[in-house]
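Got the viewer open? Let's walk through this one stop at a time, selecting residues as we go.

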Amino acid sequence: MSVRDMVEKDYYAALGVPKDASAADIKKAYRKLARELHPDKNPGDAKAEARFKEVSEAYDVLSDESRRREYDEARALFAAGGRSSGLDGGRPGGYGGFGAPGGYGAPGGGYGGGPNVNFEDLLGGAGGGLGGFFDMFQRSSPGRGPRRGGDIEAEVTIPFEKSLTGLEASVRLPGAATCNTCEGSGARPGTSPRTCPTCRGLGVVSRSQGGFALSEPCRDCLGKGTLIDHPCPDCRGSGRREREQRIRIPPGVSDGQRLRVRGRGTPGERGGPAGDLEVTVHVLRHPVFDREGSNLIITLPITITEAALGASVRVPTLDGAPLTVKVPAGTSSGRRLRARGRGVPTAGGGNGDLIVTLEVTVPKPADLSPRARTALLEFAQAHPEDPRAPLMERMEAAG
């Protein structure tokens, strides 16, 4: 792939964001697409896999401020006439070619007939501009210092109970380890990659343009220096495969929470530090308990008799330890009781509370025996008060 091909890729369109999108919007768009296209969610879907790689490539460039700036500058150059400049053959029109009227090297001409531009600065003498963009794809360029590895995003799903106690979990990392089948060569066992005849193994090709030598990644081997005639069936020629990473998930983690593990991302280049691993934790729902922050929530049914006369009732707990709460006499549905320290572990130590919401159950007519029905009628006659009377009085006062 040539530099021109790379410049003509619209990374903003790949992520579905405008060209003036903020770093936060770019990251948000990438995370959404990465979750939708992740190989774990689309097993065997070649189109989703290709799209996932496209999105990852776009985010790799646009998430880095300096690389994004270089990419924007290079695309602006091509859009303004770079295709007719010396970068693409010096066709007439737009920016002049090298030595063409108004072009670089022509009498009195700057680059493309515009303001004077130092060509060395433009192609990398100052470490930025289009030169930085060339360097972005030509990783073997001399003189580059250490570079931090990229971050890796992954997901893990855990049971509700484990979110409270914490655990060690295995997280699958796409493309993060050497393929055992081909030992990283990318070639089918029994075969080997061959040296690219176009670049002779260098990964870059040079061409003369107006007295200057320009280098760009080799079109045939995509800058790798080798060609694989028989790709490995397991890694499809990439030399990489998914691997599992064990991480510690702390007690009290909530659904959707993101954990960052330092130094567990992509290895750095030329001695640079490794990136980080960012794991989104998904917590499965529990059939009985819910969460409100650091509090556990449970709805506890009680009978009419328990609500009216009061009672001591047992409450189920996740740890199995017995818990008995006292229901006050005259309790109504929706009343909450609090058991302190029986909730979710907190980061500062200690636990939240267990909130017990009482729900008065009303027997169905078919479940009432004749004796029970008679008792209810006698109760109604003994207590003829209307519980809705205060509500009606407030309405009349408001009207």
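Start by selecting helix H3 and strand S1 (152-158): each of them supplies at least two residues to the lining of the largest cavity. Keep in mind that you are looking at a predicted model. The cavity count comes to 1 at a cut-off of 30 Å³ or more, and the volume here is about 100 Å³. To see the walls, show Tyr30, Arg31, Ala34, Arg35, His38, Phe52, Glu153, Ala154, Glu155, Arg258 and Thr280 as sticks. Which element gives the most to this lining? That would be H3, with 4 residues. Now colour the lining of the largest cavity by class, and you get 4 nonpolar, 2 polar and 5 charged residues.

Stay on H3 for a moment and pick Lys28, which is found in that helix. Is Lys28 buried or exposed? Its relative accessibility is 63%, so Lys28 counts as exposed, the cut-off being over 50%. Draw a C-alpha to C-alpha distance from Lys28 to Leu15 and you should read 9.6 Å, for two residues that are 13 apart in sequence.

Next stop: the aromatic rings. The count of aromatic pairs comes to 3. Select Tyr12 and Tyr71, whose rings form a tilted pair, 6.2 Å centre to centre with 40° between the planes. Tyr12 sits in helix H2 (residues 11-15) and Tyr71 in helix H5 (residues 65-79), so this pair ties together parts that are 59 residues apart in sequence. Switch on a surface and check both: Tyr12 has a relative accessible area of 2%, so Tyr12 is buried, and Tyr71, at 0%, is buried too.

Then go back to Tyr30, which you met in the lining of the largest cavity, and add Tyr59. The ring centres of Tyr30 and Tyr59 are 4.1 Å apart and the planes are at 5°, so this pair is stacked. Tyr30 belongs to helix H3 (residues 23-37) and Tyr59 to helix H4 (residues 46-62), so the pair links parts 29 residues apart in sequence. Both Tyr30 and Tyr59 are buried. Before you leave the rings, add Tyr11 to your earlier selection: Tyr11, Tyr12 and Tyr71 form one aromatic cluster.

Now jump along the chain to four cysteines. Select Cys196, Cys199, Cys218 and Cys221, which an unreviewed UniProt entry annotates as "binding site". How far apart do they get in space? They are spread over 26 residues of sequence, yet they cluster, with a largest C-alpha distance of 9.0 Å.

Zoom in on two of these cysteines. Cys196 is in the loop between strand S3 (194-195) and strand S4 (204-209), while Cys218 is in the loop between strand S5 (212-217) and strand S6 (226-227). Cys196 has 0% relative accessibility, so Cys196 counts as buried. The value for Cys218 is also 0%, so Cys218 counts as buried. Leaving out residues up to four places away in sequence, the contacts of Cys196 are Gly201, Cys218, Asp220, Cys221, Gly225, Thr226 and Leu227. Two of the annotated cysteines, Cys218 and Cys221, turn up in that list.

A short hop takes you to Gln245, placed in strand S7 (residues 240-249). With 12% relative accessibility, under the 20% cut-off, Gln245 counts as buried. Show its surroundings: beyond residues up to four places away in sequence, Gln245 touches Ala169, Ser170, Val171, Leu173, Arg264 and Leu277.

Last stop: the second largest pocket, with a volume of about 320 Å³. Select Ile304, Thr305, Ala307, Ala308, Leu309, Gly330, Thr331, Ser332, Val360, Leu376 and Phe379 to light up the lining of this pocket. Helix H9 (304-309) and helix H10 (370-382) are the elements that give two or more residues to the lining. Between them, which gives the most? Look at H9, with 5 residues. Colour by class once again: the lining of the second largest pocket comes out as 7 nonpolar, 4 polar and no charged residues. For a last look, put that beside the lining of the largest cavity, where 5 residues are charged.

Technical notes:
Residues numbered from 1 in each chain as written. Predicted model: local features only at pLDDT ≥ 70, side-chain atom pairs only at ≥ 80, totals over all residues. Heavy atoms only, no water. UniProt positions renumbered as here; feature names shortened; annotations may be inferred. Buried < 20%, exposed > 50% of the residue type's maximum accessible area, 1.4 Å probe, protein only. Contact = heavy atoms within 4.5 Å. 1 Å grid on protein atoms, 1.4 Å probe; cavity = no way out; pocket = protein on both sides within 12 Å on 5 of 7 lines; lining within 4 Å. Points joined across faces, edges and corners; volume = space filled by probe spheres on them. Nonpolar A, V, L, I, M, F, W, Y, C, P; charged D, E, K, R; others polar. Phe/Tyr/Trp six-rings, centres within 6.5 Å; stacked < 30°, edge-to-face > 60°.
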